[in-house]
Structure formats: C-alpha cells, structure tokens
Amino acid sequence: MLRRRLAFALLLAAAAPAGADTIVKAYNSYRGPPYIDGKSGLAPELVHYVNRKLEGRYTLQLVSLQRRQLNQLMEAPAGFDGVALFLSPAFIGDVPRKRFHWSPAFLDDSNAIVSRIDNPVRYEGPASLVGLRFAGIYGNRYPGIDEYVGKSLTRTNAPDAMANLRKLVEGQADFSVMPLSSFRYLRRQMDREKLPIGQLHVGDKPFGQFGRHFVLAREARELAAELDNIAAAMPCDREWRRIALRYQFTVADAAACR
C-alpha cells in the first residue's frame with residue numbers, strides 16, 4: 001500500500017505543470033498611494049489578480065522596498081531573481097530592452113510636472129528649469145532632469161509622491177515630476193489632510209508618456225511567458241479595468257476591446 005501511494009505521488013508530481021507551487025517575489029518600489037495605501041492599494045490588488053490568473057502554476061509574493069534597493073537587486077552580479085512591478089524601460093536605463101525581459105504594458109500612464117500656481121513651471125526644455133528646486137523620490141531616475149542636477153537645478157528627495165506635494169505646498173520645492181495617475185489619486189488624501197490643492201499647478205503637456213510592465217530576468221522564460229499572456233489581456237479584462245479605474249488610471253477605450 002505504501003509503495004502504491006508513493007508511486008501515485010510521484011506520478012502526480014511528474015504530471016504537475018512546470019513552476020507549480022513556485023513562490024516568486026514580486027517587487028514593488030512604489031511605497032505610497034495609490035500603490036500602497038494602508039493595508040490595501042494597487043500593488044496588492046495586482047498581485048492578487050495575477051495569482052488568480054496563474055492558477056497555482058506560480059504564486060507571486062509581494063515585497064515592497066525602496067527603488068534604490070530594487071535597483072541593487074536588479075543590478076546584482078548574481079542576476080535578478082523575481083519580478084518587478086509597474087516599471088518602464090526608461091526608469092531603470094533599459095530603453096533598448098536588452099538587459100531584462102519586459103511584458104506587454106498592462107497600464108498606460110504619463111508623468112506631469114507639478115508646481116505652485118503662484119510660480120507655475122511650464123516645461124519648454126531644460127532651459128525652463130534653470131535655477132529651480134526639484135523634488136524627487138529616493139532612487140528614482142528622471143531622464144531629462146537628472147542630467148542637470150548640480151549644474152542648473154538642485155534636487156532633494158522624499159520617500160513618496162505625497163511627501164513631495166507637501167513640499168510644494170510648504171514652498172520647500174519649486175516643482176516635482178509624478179505620474180498623473182498618482183496625482184489624481186492623491187488629491188483625495190490632500191483633502192483629508194486639509195492641504196490646499198488649489199495652490200498646485202499641473203503642466204498642460206505630459207513630461208513623458210509610458211507603459212507599466214512586469215520585468216524579469218531574460219532567463220526566466222516560463223514565468224515570462226505566463227506573465228506576457230496575462231499582461232496582454234489585462235487592458236480589456238473587465239476585472240482589471242475596474243481595479244485600474246478605482247485607482248484613477250485611464251483604461252483602453254471599450255470599443256477597442258470588442
């Protein structure tokens with residue numbers, strides 16, 4: 001009887017799909033709203049959503065950390081083990097997409113320049129930022145701005161976008177760059193904190209438009225294939241569209257999903 005049970009267990013193991021019960025760390029470097037908001041947020045909802053789609057073939061385990069910590073993990077000589085969430089190639093200097101595997105974009109977003117309404121910053125190239133104080137986030141890269149830090153502008157850092165909005169309101173910085181989706185979501189938090197949202201100016205032109213992706217080591221082919229299939233279907237998936245809208249992201253036109 002024992003031999004039969006052992007043989008049956010070995011048969012089940014052999015028939016199990018590749019990657020079954022494999023725990024994969026899913027790294028989120030956005031530590032403030034809307035990605036992490038108390039005990040909830042877009043990051044845990046994304047992980048729950050993807051795990052349902054994976055159906056046990058893999059299980060993502062959310063890990064939130066600072067961007068500089070994620071950068072160190074992704075640049076480690078031993079290679080990157082896990083999946084990074086919400087990134088775009090320009091954020092980590094992989095615009096050619098040769099260092100990592102990038103899934104199809106599952107969210108569209110854009111960066112906006114936010115400043116004070118009594119001193120609005122209208123971006124018309126680097127010359128429009130000369131002498132200004134920029135409020136960034138620790139570890140984040142800002143192409144088009146970083147090149148001028150220490151030359152024609154100064155940069156201070158904060159842990160999240162909400163902290164930078166407080167800096168602007170208090171006059172400690174002249175402008176910040178943040179995803180428009182985050183700004184829309186954070187307006188509610190500003191209302192709760194009685195911060196004067198009316199003092200802020202959002203640039204008319206996007207500072208940059210980008211997609212948000214899953215990012216993996218190029219060697220993680222099986223998991224990459226799973227996440228590619230999920231990401232490609234997400235923009236037209238009703239469940240994901242409801243989640244994205246709840247966190248103030250724009251979604252694809254419904255007509256395009258028919």
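Q: How many helices and strands does the secondary structure of the chain come to?
A: Let's start with the overall picture, keeping in mind that this is a predicted model. Both kinds of element are present in the chain, and the tally is 7 helices and 10 strands.

Q: What does the C-alpha trace of the chain span along its principal axes?
A: The chain has 258 residues, and 46% of them count as buried. It exposes about 13700 Å², with carbon and sulfur atoms supplying 53% of that area. Along the principal axes, the C-alpha trace spans about 80 × 40 × 35 Å.

Q: Among contacts in the chain between residues at least 6 apart in sequence, what percentage join residues at least 24 apart?
A: Here we set aside pairs that sit fewer than 6 places apart in sequence. Of the contacts that remain, the share joining residues at least 24 apart is 71%.

Q: Is α2 roughly parallel or roughly perpendicular to α6?
A: Helix α2 covers residues 42-54 and helix α6 covers residues 221-233; their axes come within 11 Å and cross at roughly 110°. Angles of 65 to 115 degrees count as perpendicular in this scheme. The crossing angle therefore makes α2, relative to α6, roughly perpendicular.

Q: What is the handedness of the crossing where α2 passes α6, left-handed or right-handed?
A: On the α2 side, the contact is made by Y49, V50, K53 and L54, and on the α6 side by E226, L227 and I230. These residues divide into 5 nonpolar, no polar and 2 charged. As for the way α2 passes α6, the crossing is right-handed.

Q: Is α2 roughly parallel or roughly antiparallel to α7?
A: Helix α7 spans residues 238-246, and α2 packs with it at an angle of about 175°, the axes being 11 Å apart. An angle over 145 degrees counts as antiparallel. So α2, set against α7, is roughly antiparallel.

Q: How many charged residues does the contact of α2 with α7 have?
A: From α2 come L42, E45, L46, Y49 and R52, which meet E239, W240, I243 and R246 in α7. By class, this contact has 5 nonpolar residues and no polar ones, and its charged residues number 4.

Q: Is N71 buried or exposed?
A: You will find N71 in helix α3, which covers residues 67-74. Its relative accessible area is 10%, and the cut-off for burial is under 20%. N71 is therefore buried.

Q: Which residues is N71 in contact with, leaving aside its neighbours within four places in sequence?
A: Sequence neighbours of N71 within four places are left out of this list. What remains for this residue of helix α3 is contact with I92 and G139.

Methods
Residues numbered from 1 in each chain as written. Predicted model: local features only at pLDDT ≥ 70, side-chain atom pairs only at ≥ 80, totals over all residues. Heavy atoms only, no water. Axes fitted to C-alpha atoms, helices over the stretch in contact; angles between N-to-C directions. Helix = DSSP H or I, 4+ residues; strand = E, 2+ residues; numbered from the N terminus. Parallel < 35°, antiparallel > 145°, perpendicular 65-115°, else oblique. Left-handed = near helix turned anticlockwise from the far one by under 90°. Contact = heavy atoms within 4.5 Å. Nonpolar A, V, L, I, M, F, W, Y, C, P; charged D, E, K, R; others polar. Buried < 20%, exposed > 50% of the residue type's maximum accessible area, 1.4 Å probe, protein only. Areas by Shrake-Rupley, 256 points an atom, 1.4 Å probe, with all protein chains shown as cover.
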